[in-house]
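User: I should like to learn how to read a few features of a protein model. Could we proceed residue by residue?

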Amino acid sequence: MAKVKGYVEVNTDRCKGCNLCVISCPSDTLDLQPREVNDRGYHYAFMKNPDECIGCANCGFVCPEGCITVYRKKVG
Amino acid sequence: MNANDIISPENLVYAKPGLMNDNYMHYCPGCSHGVVHKVIAEVIKEMGLQEKTIGIAPVGCAVFAYNYLDIDWQEAAHGRAPALATAVKRLLPDRMVFTYQGDGDLAAIGTAETIHAANRGENIAIIFINNGIYGMTGGQMAPTTLSNMVTSTSPDGRNVQMMGNPLKILDMLALLDGVCLATRTSVHTAAAVKRTRRMIRLAFENAMAGKGTSIVEVVSTCNAGWKMTPAAANDWMVENMFPVYPIGDLKNI
Ligand SMILES: Cc1ncc(C[n+]2csc(CCOP(=O)(O)OP(=O)(O)O)c2C)c(N)n1
Ligand code: SF4
Ligand code: SF4
């Protein structure tokens with residue numbers, strides 16, 4: 001059966017750590033950095049479980065800063 | 001499969017819209033304004049209107065909207081965006097002219113301009129960000145503030161006997177013959193963002209087709225003014241704002 005794999009790139013300089021992408025994700029892929037911060041002091045988003053991403057782009061749509069780029073590819 | 005097998009242009013499904021530049025936005029983390037800015041940028045690009053669009057920026061948190069979208073803009077005095085939009089559209093009728101206004105701008109100081117522009121059926125689109133509060137100046141009560149809602153100027157909650165009722169200005173605007181589209185949307189989920197995109201596109205099409213005034217009210221959050229996290233503000237909006245400002249079309253002709 002064809003499966004889809006997704007990948008998310010976060011513009012970490014632009015991210016303000018609002019968490020809206022994290023809660024929009026159906027597959028629990030994203031989280032905010034627990035310790036690391038960007039130059040402005042925000043705990044930016046990152047792929048905590050990269051294998052889980054299905055490339056649905058929910059995170060991209062709800063991001064107020066436009067700091068998320070989403071890719072999706074059919075595999076198998 | 002590793003990331004490099006997926007990251008390539010043919011697999012791209014979402015990116016920051018090209019008309020939104022790289023200037024760092026001044027909005028609080030999680031503010032709805034940024035999402036609506038992105039949607040406007042996407043629709044203008046999709047319609048090929050980047051050289052034909054003139055946005056009218058408000059006074060309020062979105063006062064610097066012109067710094068973020070690479071289109072032509074004019075900055076209006078507080079509440080006067082529909083009057084300025086009227087002038088611009090009448091002088092340059094081939095342009096797509098839209099206003100971007102908060103609820104303090106549109107439904108308090110700018111009530112007269114808004115209602116009369118809509119009543120004249122000016123061929124403009126009005127994007128109305130209703131977060132129920134004056135965000136920029138520190139979270140004061142607005143006409144749109146919900147009953148019993150706590151703000152910096154109604155610390156015990158809005159007492160409607162003393163302070164009036166939440167103003168459903170979209171319902172009033174929908175009654176006017178000059179209005180062809182009056183609809184409420186939101187941007188708290190991907191599905192909601194997609195509906196907002198469809199409605200803003202329709203509003204821009206109406207403006208270009210000379211059908212009259214279109215108003216898209218985006219029921220929004222001001223998490224800083226509401227003193228909540230962005231996620232909690234979304235939930236609060238669904239629970240408290242949506243019953244008073246229900247999502248959907250009031251008029252679409
Ligand atoms: C003539 C005038 N009166 C008052 C103000 C102060 N003022 C600035 S923004 C604002 C309210 C903005 O609220 P809203 O339109 O809801 O936008 P938001 O900041 O919530 O996005 C007020 C009263 C002003 N700048 N000019
Ligand atoms: S694209 Fe979808 S699955 Fe992947 S991180 Fe974003 S919300 Fe989660
Ligand atoms: S004060 Fe409210 S409306 Fe203004 S940027 Fe912050 S969250 Fe957005």
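Analyst: Let us begin with contacts. Leaving aside residues up to four places away in sequence, B:Arg195 touches B:Thr183, B:Arg184, B:Thr185, B:Ile247, B:Gly248 and B:Asp249. Please keep in mind that this is a predicted model.

User: In which helix does B:Arg195 lie?

Analyst: B:Arg195 belongs to helix H8 of chain B, which covers residues 190–209.

User: Is B:Arg195 buried or exposed?

Analyst: The general idea is that a residue counts as buried under 20% relative accessible area. B:Arg195 has a relative accessible area of 19%, and is therefore buried.

User: How should I read the cysteines, and how many disulfides does the structure hold?

Analyst: A disulfide is a covalent bond between the sulfur atoms of two cysteines. Over all chains, the structure holds zero disulfides. A:Cys63, for instance, is in no disulfide; its nearest cysteine sulfur belongs to A:Cys67 and is 3.5 Å away, whereas a disulfide requires sulfur atoms within 2.5 Å. A:Cys63 is also buried, at 6% relative accessible area.

User: Which residues are around ligand 3, and where does ligand 3 sit?

Analyst: Ligand 3 sits in the second largest pocket. The residues around ligand 3 are B:Tyr27, B:Cys28, B:Cys31, B:His33, B:Cys61, B:Asn131, B:Gly135, B:Cys222, B:Asn223 and B:Ala224. By class, this shell comprises six nonpolar residues, four polar and no charged.

User: What is the relative accessibility of B:Cys61?

Analyst: B:Cys61, one of the residues around ligand 3, has a relative accessibility of 27% and so counts as partly exposed.

Key: Residues are numbered from 1 along each chain as its sequence is written. Chains are lettered from A and ligands numbered from 1 in the order in which they are written. This is a predicted model: local features need pLDDT of at least 70, side-chain atom pairs count only at pLDDT 80 or more; totals for chains, interfaces and linings use all residues. Side-chain values use heavy atoms; hydrogens and water are left out. A residue is near a molecule or strand if one of its heavy atoms lies within 4 Å of it. On a 1 Å grid over the protein atoms alone, a cavity is a set of points where a 1.4 Å probe fits but cannot get out, and a pocket is an open set with protein on both sides within 12 Å along at least five of seven lines; lining residues have an atom within 4 Å of a point. A molecule sits in a cavity or pocket if more than half of its atoms lie within 2 Å of its grid points. Ala, Val, Leu, Ile, Met, Phe, Trp, Tyr, Cys and Pro count as nonpolar, Asp, Glu, Lys and Arg as charged, and the others, Gly among them, as polar. Helices (H or I, at least four residues) and strands (E, at least two) are DSSP runs, numbered from the N terminus. Buried means under 20% relative accessible area, exposed over 50%, partly exposed in between (1.4 Å probe, protein chains only). Contact means heavy atoms within 4.5 Å.
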